[in-house]
Protein chains: 2
Amino acid sequence: MKFSRQRELILQTVRQSEEHLTAEQVYERLKPENTTLSLGTVYRNLNLLAEQGTLCRIPVPGGADVFDRNNDGHQHIICRCCGSVMDWRIPKMEELDQYLSELTGFAVDRHDFIAWGTCKNCQN
Amino acid sequence: MKFSRQRELILQTVRQSEEHLTAEQVYERLKPENTTLSLGTVYRNLNLLAEQGTLCRIPVPGGADVFDRNNDGHQHIICRCCGSVMDWRIPKMEELDQYLSELTGFAVDRHDFIAWGTCKNCQN
DNA sequence: CTCCAAATCAGTAATGGTTCTTATTATGGT
DNA sequence: ACCATAATAAGAACCATTACTGATTTGGAG
């Protein structure tokens, strides 16, 4: 894998963000100072980094997927109202893959868990 | 909600299927004998039935959502290889929403859980 | 049964997120 | 400096899904 300025910028953008970002958001943040950057490049690199395990791609039913700097096993809670994505580490959750493999015969290697609700802010 | 022949056909198709079906698959099964049926109608009715709780819509990252006749709390395991979707009931999983609500401050009302792996058939 | 408003429909256009294609440019080893 | 390879920008293509349109069906009231 060759070094590329774009890939570095994209990785740093996700790493430096407190929130989870969509590809579009990464693009918008970088575009002003990198006028030739293209959205396709953002997607390609985010996918590469996710496959390689550097980042984590979180599928969001009904919306654009978001990318997370943390790749350790944790789960996500999405606010129906404002769309914010919160991380939460649910104990015993990693053991589930093993548990499911034994019981179902599937060779389970990962899972997506998304809880839906209303965040504290939006409850007011 | 008024009675409609189309809605009834769509519901029966999902109910009678052993597998989980995409909207497209429901459409393909009904189209031959219902030549004027349109895909939009299938989507609209599947959504209605899902909102109403009669069916369950399962989001499939990277593919078309599937619909399930069972709406009781259970989880899904998808084969990366053949795409088949298996149901599995994971104990204690319903309690998670309550658990998360207490800990995170979100008012959690549901969750999606999808495990990814290789089914027994495809392992050979 | 007939009339009518509301629900539903078929057909099709539009949307949005994402990937693919193509021709061009950057990278890093020799 | 040269060259094969990787990466890029730009935009077209793709796919699942929804939105829009004007026509049709439904079920209750008279």
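**Figure 1. Chain A as a whole.** Of the 124 residues of chain A, 43% count as buried in this predicted model. The chain carries four helices and six strands, and reading from the N terminus the elements follow the order α-β-α-α-β-β-β-β-α-β. Its C-alpha trace spans about 50 × 45 × 25 Å along the principal axes. If you like to think in contacts, take the pairs in chain A that are at least 6 residues apart in sequence: 43% of these contacts join residues at least 24 apart.

**Figure 2. The surface and charges of chain A.** About 6,900 Å² of chain A is exposed, and carbon and sulfur atoms supply 49% of that area. As for charge, the chain has 14 positive and 17 negative side chains. The centres of these two sets lie 5 Å apart.

**Figure 3. The two domains of chain A.** The domain assignment divides chain A into domain 1, residues 1-71, and domain 2, residues 73-124. Taken over C-alpha atoms, the centres of the two domains are separated by 21 Å. Where the domains of chain A touch, nine residues of domain 1 are in contact with nine residues of domain 2.

**Figure 4. Chains A and B around their rotation axis.** A turn of 180° with a shift of 0.0 Å along the axis lays chain B on chain A, with an RMSD of 0.1 Å. The two copies are thus related as by a two-fold rotation axis. To find the axis from the side of chain B, look for Phe113(B): of the residues of that chain, its C-alpha comes closest to the axis, at 2.3 Å. The copies meet through the same surface, because 100% of the interface residues of chain B are also interface residues in chain A.

**Figure 5. Trp88(A) and its contacts in both chains.** Trp88(A) sits in strand E5 of chain A, residues 85-88. With a relative accessible area of 25%, Trp88(A) is partly exposed. Not counting residues up to four places away in sequence, the tryptophan touches His74(A), Gln75(A) and Ile77(A) in chain A, and Leu100(B), Leu103(B) and Thr104(B) in chain B. For a sense of distance, His20(A) is 68 residues from Trp88(A) along the chain, and the C-alpha atoms of the two are separated by 13 Å.

**Figure 6. Ile77(B), a buried residue of strand E4.** Ile77(B) belongs to strand E4 of chain B, residues 75-79. Is this isoleucine buried or exposed? Its relative accessible area is 1%, so Ile77(B) counts as buried. Neighbours within four places in sequence aside, its contacts in chain A are Leu100(A), Thr104(A), Phe106(A) and Val108(A). Its contacts in chain B are Ser84(B), Val85(B), Met86(B), Trp88(B) and Ala115(B). Trp116(B) lies 39 residues away from Ile77(B) along the chain, yet their C-alpha atoms are separated by 5.8 Å.

**Figure 7. Gly105(A) and its contacts with chain B.** Gly105(A) is found in the loop of chain A that joins H4 to strand E6, residues 107-118. The glycine is buried, at a relative accessible area of 17%, which is under the 20% cut-off. Which residues does Gly105(A) contact, leaving aside its neighbours within four places in sequence? They are Leu100(A) from its own chain, and Thr118(B), Lys120(B) and Gln123(B) from chain B.

**Figure 8. Lys92 in both chains, with a positive phi.** Lys92(A) has a positive phi of about 70°, although it is not a glycine. In chain B, phi of Lys92(B) is likewise positive, near 70°. Lys92(A) lies in the loop between E5 and helix H4 (95-104) of chain A, and Lys92(B) in the loop between strand E5 (85-88) and helix H4 (95-104) of chain B. Lys92(A) counts as exposed at 60% relative accessibility, and Lys92(B) counts as exposed at 61%.

**Figure 9. Cys122(A) and the cysteines it contacts.** Follow chain A past E6 and you come to the segment that holds Cys122(A). At 24% relative accessibility, this cysteine counts as partly exposed. Leaving aside neighbours within four places in sequence, Cys122(A) is in contact with Cys79(A), Cys81(A) and Cys82(A). Cys82(A) is 40 residues from Cys122(A) in sequence, while their C-alpha atoms are 7.1 Å apart in space.

Note on methods: Residues numbered from 1 in each chain as written. Chains lettered and ligands numbered in written order. Predicted model: local features only at pLDDT ≥ 70, side-chain atom pairs only at ≥ 80, totals over all residues. Heavy atoms only, no water. Helix = DSSP H or I, 4+ residues; strand = E, 2+ residues; numbered from the N terminus. Buried < 20%, exposed > 50% of the residue type's maximum accessible area, 1.4 Å probe, protein only. Contact = heavy atoms within 4.5 Å. Areas by Shrake-Rupley, 256 points an atom, 1.4 Å probe, with all protein chains shown as cover. Lys, Arg positive; Asp, Glu negative; His and termini not counted. Charge placed at Lys NZ, Arg CZ, Asp CG, Glu CD. Least-squares fit on C-alpha atoms with pLDDT ≥ 70 in both. Domains from an automatic or database assignment.
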